[in-house]
Amino acid sequence: MMPKTDSKSNANSPDKLAMYKEMLFYRRFEERANLAYTKQKFSGFLHLHIGQEAVCVGVQHALEEQDYLISAYRSHTQAIAKGIPAEQVLSELFGKVTGCSRGKGGSMHMFSKEKRFFGGHGIVGAQAPIAVGGAFAIKYKEEAAVMVCYLGDAAMNQGQVFEAMNMAATWSLPVLFVIENNQYGMGTDISRTTSVDHLYKRALGFDMAHSQVDGMNCVTVYEHMKPTIDKMRVDREPHLVEVLTYRYKGHSVSDPATYRTKEEVQEYQQRDPITQLGALLVKESLASEDELKAWDKEAKEQVKAAERVADAAPKPPQDEVCKHVFV
Ligand SMILES: Cc1ncc(C[n+]2csc(CCOP(=O)(O)OP(=O)(O)O)c2C)c(N)n1
Ligand SMILES: [Mg+2]
């Protein structure tokens, strides 16, 4: 029904074929979600991750099943990568009872306790203190896991993120802060809101390990994350990685993204993570052009199949309305 992210990659030989197919699937998934939105199959918010696929896949290949992940609202594909079936993510978008949050969370609130995916958070930066709490639990229970906390560049200016990072560093908690620097917080360029030129420098204030990586290249992301995470499993210290990436679409479906130039978008598209890895596969004779085309067709069919499941699923019954809510 859909590709399952396997973690067979190791530092010497990343599973490039799996990475390629997964990125392709996520691209087609997001395009289909966008199409479904324009057909008014669902409403509310929709933030797409198109252009940022290499981050999600590169990180996931460096993780193990016991690891935890928490994110913001641009997280459909991160949820699938962590093991939530694509049809459950689509069902959640469509408000169906079979959605991973029983159809009550929608686009911004994917969740699975079983798959250790702790959201989907709509409040910018809100996932950081939760990640640190989760990392404390990992340490307290002596689990061999790490907590990955995705944050956007704009989230790096939220007060609670500073507090969370300070606590993670002070208490030596195994949380990996992955900053997806796509240069914009909604329509605002990062340089207009942020004092530092590189976001990894923020870690200096907490004496926290830090690094930076090209987020347009999946293999590079993986090769950076794997030793970083492996080290964290041993030393149980936090780490901040700034990942340089780019979103091709607007902030959400209602944003025409007029605050940036066409040339800027094209510049990144020339380094498209899927095209880049496809070219590498062909160059290394791991795949032919025909195979790349066939996999694209396959990915589109897999997404359509997931959509059929979501379409056929029922809406939550009326008596569900007041269940699993605080107030
Ligand atoms: C506390 C808070 N302030 C403002 C908002 C409105 N808001 C939603 S997304 C967003 C931009 C966040 O950008 P970034 O962290 O860079 O993530 P990206 O959207 O680029 O993935 C803002 C300001 C919010 N949801 N929460
Ligand atoms: Mg951003």
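Here is a short chat about helix crossings and two unusual residues in a predicted model.

Colleague: What makes α4 oblique to α10?

Modeller: The axes of α4 (residues 86-93) and α10 (residues 289-312) cross at roughly 50°. Angles under 35 degrees count as roughly parallel and 65 to 115 as roughly perpendicular, so α4 ends up oblique to α10. The crossing is right-handed.

Colleague: Which residues make that contact?

Modeller: A86, E87, L90 and S91 come from α4, while α10 brings A306, E307, V309 and A310. By class, that gives 5 nonpolar, 1 polar and 2 charged residues.

Colleague: And α2 with α7, at what angle do their axes cross?

Modeller: Roughly 35°, with the axes of α2 (residues 53-61) and α7 (residues 218-235) coming within 8 Å. This crossing is right-handed. On the α2 side you have A54, V55, V57, G58, V59 and H61, and on the α7 side C218, V221, Y222 and M225. They divide into 8 nonpolar, 2 polar and no charged.

Colleague: Why is R116 called partly exposed?

Modeller: R116 has 19 C-beta neighbours inside 10 Å. Buried takes 20 or more and exposed 12 or fewer, so R116 counts as partly exposed. R116 sits in the loop between α4 and α5, and has a positive phi of about 60° although it is not a glycine.

Colleague: What about D207, buried or exposed?

Modeller: Exposed: D207 has 10 C-beta neighbours inside 10 Å, and the cut-off for exposed is 12 or fewer. D207 lies in the loop between β5 and β6, with a positive phi of about 55° despite not being a glycine.

Methods:
Residues are numbered from 1 along each chain as its sequence is written. Chains are lettered from A and ligands numbered from 1 in the order in which they are written. This is a predicted model: local features need pLDDT of at least 70, side-chain atom pairs count only at pLDDT 80 or more; totals for chains, interfaces and linings use all residues. Axes are lines fitted to C-alpha atoms, for helices over the stretch in contact, and angles run from 0 to 180 degrees between N-to-C directions. Helices (H or I, at least four residues) and strands (E, at least two) are DSSP runs, numbered from the N terminus. A crossing is left-handed if the near helix is turned anticlockwise from the far one by less than a right angle, and right-handed if clockwise. Two residues are in contact if their C-beta atoms, placed from the backbone, lie within 7 Å. Ala, Val, Leu, Ile, Met, Phe, Trp, Tyr, Cys and Pro count as nonpolar, Asp, Glu, Lys and Arg as charged, and the others, Gly among them, as polar. Angles under 35 degrees count as roughly parallel, over 145 as roughly antiparallel, 65 to 115 as roughly perpendicular and the rest as oblique.
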